Amino acid sequence: MTSTTDASDAGTPSPPTTATPGPLAPEPRVAERPAWTLLTNHGHVLLAVAQSQDARVAEIAAQVGITTRATLAILKDLEDAAYLTRRRVGRRSHYTVDTHQHFRHPATAAHEVGELLAIFADPAHP
C-alpha cells in the first residue's frame, strides 16, 4: 500500500472540518453542569412540571438538562408515587402536581411538596 502524504505533511495536524454534524452527532452542551446539586433530577422535573403543567417532555428534559428518556422515567416515578397525575388532553399530556403529598425521606416527611414549590414559585404567576 502506498501513501499519498508528503514527507512535509507528516506530523502536522489536519485543519478542523466545518462539515455539518450528522444525525448521530452529539448535541452541543449549552452550559456545563456542576458535579452535584442540592435537588435531585426528580426534584427539578417536579419543579418544571409545577411551573408549566402542559410542558412537553422534551421541554422538561431541556430545562432540567437530562435526556427525554430519563425525563419519562422520572415522570413515571413521580406519577407512581402520587406526586403528580397525568391525563391526556388530545395528543398531549397534562400534569397536575399534588402539593399536599409529603416528602418520602423520614427527615422531611412532615413537610408537603407544596412548601418546596412555593420557594421556587414565580410571583408573577400565582
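**Notes on the predicted model**

1. Starting in the hairpin: Thr85 has Thr96 in β2 as its bridge partner. Thr85 sits in a pairing of β1 (residues 84–89) with β2 that is antiparallel and counts six bridges; two strands are taken to pair if DSSP finds at least two bridges between them. Two residues lie between the strands of this hairpin, and Gly90 has a positive phi near 65° there.

2. Ground rules, briefly. This is a predicted model, where local features need pLDDT of at least 70 and side-chain atom pairs count only at pLDDT 80 or more, while totals for chains, interfaces and linings use all residues. Numbering starts from 1 along each chain as its sequence is written, and side-chain values use heavy atoms, with hydrogens and water left out.

3. The overall layout: the protein has four helices and two strands, and from the N terminus the order is α-α-α-β-β-α. Helices (H or I, at least four residues) and strands (E, at least two) are DSSP runs, numbered from the N terminus. Of the 126 residues, 21% count as buried. Buried here is under 20% relative accessible area, exposed is over 50%, and partly exposed is in between (1.4 Å probe, protein chains only).

4. Now α2 (residues 57–64), whose buried residues are Val57, Ile60, Ala61 and Val64. Down the axis of α2 these fall within an arc of 100°, so they line one face of the helix; the arc is that of the directions from the helix axis to the C-beta atoms. On the face turned away from that buried side you'll find the exposed Ala62 and Gln63. The cover over the buried residues of α2 includes α1 (41–51), α3 (68–80) and β2 (92–97). Right after α2 comes Gly65, with a positive phi near 90°.

5. How do α1 and α4 cross? Their axes come within 10 Å and cross at roughly 70°, and the two helices are therefore roughly perpendicular to each other. Axes are lines fitted to C-alpha atoms, for helices over the stretch in contact, with angles from 0 to 180 degrees between N-to-C directions; roughly perpendicular covers 65 to 115 degrees. On the α1 side the contact (heavy atoms within 4.5 Å) uses Leu46, Leu47, Ala50 and Gln51, and on the α4 side Val113, Leu117 and Phe120. Those residues split into six nonpolar, one polar and no charged. For the classes, Ala, Val, Leu, Ile, Met, Phe, Trp, Tyr, Cys and Pro count as nonpolar, Asp, Glu, Lys and Arg as charged, and the others, Gly among them, as polar.

Note on methods. Parallel < 35°, antiparallel > 145°, perpendicular 65-115°, else oblique.
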